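Visitor: I should like to go through this model and ask, at each step, on what grounds a term is applied. Please begin once the structure is on view.

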Amino acid sequence: MKTVITSTGNEINSKFDLRFGRTSYFCVYDDETGNTEFILNDNKEAQGGAGTKGAEKVIELGVTKVVSGHFGPKAKELLDKFKIQLVTMPDDTKTIAEIIEMMKK
Amino acid sequence: MPRRVTPRKIVAPPKFKYYKPVGHNISKSEKIELLYEEYEAIKLADYDMLNHNDAGELMGISRATFARIYEKARKKIALALVEGKILEAKFGNAYFDDDRYECSNCKATFNITENSVKDKCPICNNKNINKIEF
Ligand SMILES: [Zn+2]
């Protein structure tokens with residue numbers, strides 16, 4: 001199963017990003033292969049609709065869950081429709097590597 | 001007869017119970033009750049940057065009702081900021097469109113969908129998860 005984690009940078013030691021639509025990168029983690037891939041969020045600076053665009057991207061990636069700090073209502077509505085699990089983490093001090101480590105246990 | 005209030009749909013409750021000023025002389029400072037729907041209005045308009053029409057639609061209320069809630073929220077926040085008062089998050093007339101759960105270990109919160117694991121935390125796999133009661 002694949003998970004998207006919002007990330008402030010494009011590598012595994014980057015800090016987790018609390019924003020969903022305006023995150024810097026989407027990290028796609030595949031728990032079967034253990035691989036991670038970082039995808040630049042081109043809608044980070046968008047005037048509006050960043051949440052919807054982000055949700056569309058996540059849906060295209062075929063993931064089953066998304067980990068972020070805040071989801072906007074439009075993103076939530078769309079992700080709900082596609083039965084994608086929304087996970088909220090309150091803590092932005094963790095790195096992507098640390099979150100993946102937690103998921104492996 | 002009291003007017004029936006349409007419940008306001010919100011995505012998630014605020015992450016705090018109280019919002020307290022620091023370094024201000026909070027003697028017997030009274031609390032200001034910030035309703036969940038007021039918090040949600042501020043979030044939709046000023047954090048998610050939606051217009052009042054779209055925001056009202058998401059909360060299941062008219063633009064005018066949204067604007068009223070938003071105005072109340074702004075006044076309360078301004079009052080708290082200027083007079084150094086404590087904001088207390090209160091339920092108000094909110095409802096949630098799905099159940100959320102919290103992991104007692106890592107404090108992640110999440111919903112459960114058809115496709116997700118049902119009995120453990122999606123982050124740390126701890127089995128000690130609780131439904132969030134509002
Ligand atoms: Zn957990």
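**Grounds for the terms used**

Guide: The backbone nitrogen of A:Arg19 is placed 3.1 Å from a polar atom of the A:Asp17 side chain. Please note that this is a predicted model.

Visitor: What makes the approach of A:Arg19 to A:Asp17 a polar contact?

Guide: A polar contact requires a pair of N or O atoms within 3.5 Å. The distance from the backbone nitrogen of A:Arg19 to the side chain of A:Asp17 is 3.1 Å, and therefore satisfies the limit of 3.5 Å. The backbone nitrogen of A:Ser24 also lies 3.2 Å from a polar atom of the A:Asp17 side chain.

Visitor: Why is A:Asp17 called buried?

Guide: The term buried is reserved for residues under 20% relative accessible area. A:Asp17 has a relative accessibility of 3%, so A:Asp17 counts as buried. A:Asp17 is located in the loop between β1 and β2 of chain A. Leaving out residues up to four places away in sequence, A:Asp17 touches several residues, including A:Thr6, A:Ser7, A:Thr8, A:Ser68 and A:Gly69.

Visitor: Is A:Ser24 buried or exposed, and how do you know?

Guide: A:Ser24 is buried, because its relative accessibility is 10% and the cut-off is under 20%. A:Ser24 belongs to the loop between β1 and β2 of chain A. Its side chain makes a polar contact of 3.1 Å with the side chain of A:Lys44. Beyond its neighbours within four places in sequence, A:Ser24 is in contact with residues that include A:Asp17, A:Ile39, A:Leu40 and A:Asn41.

Visitor: Why is A:Met1 described as partly exposed?

Guide: The value for A:Met1 is 38% relative accessibility. Partly exposed covers what lies between the buried limit of under 20% and the exposed limit of over 50%, so the term follows. A:Met1 is found in the segment before β1 of chain A. Setting aside residues up to four places away in sequence, A:Met1 touches A:Tyr29, A:Asp30, A:Asp31, A:Glu32 and A:Thr64, together with B:Asn115 of the other chain.

Visitor: What makes β2(A) largely enclosed?

Guide: Six of the six residues of β2(A) are buried, so the strand is largely enclosed by the rest of the structure. In a regular strand the side chains alternate between the two faces of the sheet. In β2(A), A:Tyr25, A:Cys27 and A:Tyr29 are buried on one side, and A:Phe26, A:Val28 and A:Asp30 are buried on the other.

Visitor: How do you know that β2(A) pairs with β1(A) and with β3(A)?

Guide: Pairing requires at least two bridges. Six bridges join β1(A) to β2(A), and five join β2(A) to β3(A); therefore each of these sets meets the requirement of at least two. The strands run antiparallel in the pair β1(A) and β2(A), as they do in the pair β2(A) and β3(A). A:Tyr25 stands opposite A:Ser7 and also opposite A:Leu40 in β3(A). Five residues lie between β2(A) and β3(A) in their hairpin, where A:Gly34 in the turn has a positive phi of about 80 degrees.

Visitor: What makes β5 of chain A and β7 of chain B a pair?

Guide: Two bridges link β5 (residues 85–88) of chain A with β7 (residues 109–110) of chain B in the antiparallel sense. As the requirement is at least two bridges, these strands therefore pair. One of the partnerships sets A:Thr88 against B:Thr109. Both strands belong to an open sheet of eight strands, ordered β3(A)-β2(A)-β1(A)-β4(A)-β5(A)-β7(B)-β6(B)-β8(B), with mixed pairing.

Visitor: Why are β3 of chain A and β8 of chain B called edge strands?

Guide: Each of them, β3 (36–40) of chain A and β8 (129–131) of chain B, pairs on one side only.

Visitor: How many residues of each chain are in contact across the interface, and what area is buried there?

Guide: 26 residues of chain A are in contact with 27 residues of chain B. The area buried between the chains is about 2300 Å², with 56% of it given by carbon and sulfur atoms. Of the area that chain A buries against chain B, A:Pro73, A:Lys83 and A:Gln85 supply 26%, more than any other three residues.

Terms used:
Residues are numbered from 1 along each chain as its sequence is written. Chains are lettered from A and ligands numbered from 1 in the order in which they are written. This is a predicted model: local features need pLDDT of at least 70, side-chain atom pairs count only at pLDDT 80 or more; totals for chains, interfaces and linings use all residues. Side-chain values use heavy atoms; hydrogens and water are left out. Helices (H or I, at least four residues) and strands (E, at least two) are DSSP runs, numbered from the N terminus. Buried means under 20% relative accessible area, exposed over 50%, partly exposed in between (1.4 Å probe, protein chains only). A polar contact is a pair of N or O atoms within 3.5 Å; within protein, one must be able to donate a hydrogen and the other to accept it, and residues adjacent in sequence count only if both atoms are side-chain atoms. Contact means heavy atoms within 4.5 Å. Buried area is the accessible area (1.4 Å probe) that two parts lose on being put together, summed over both.
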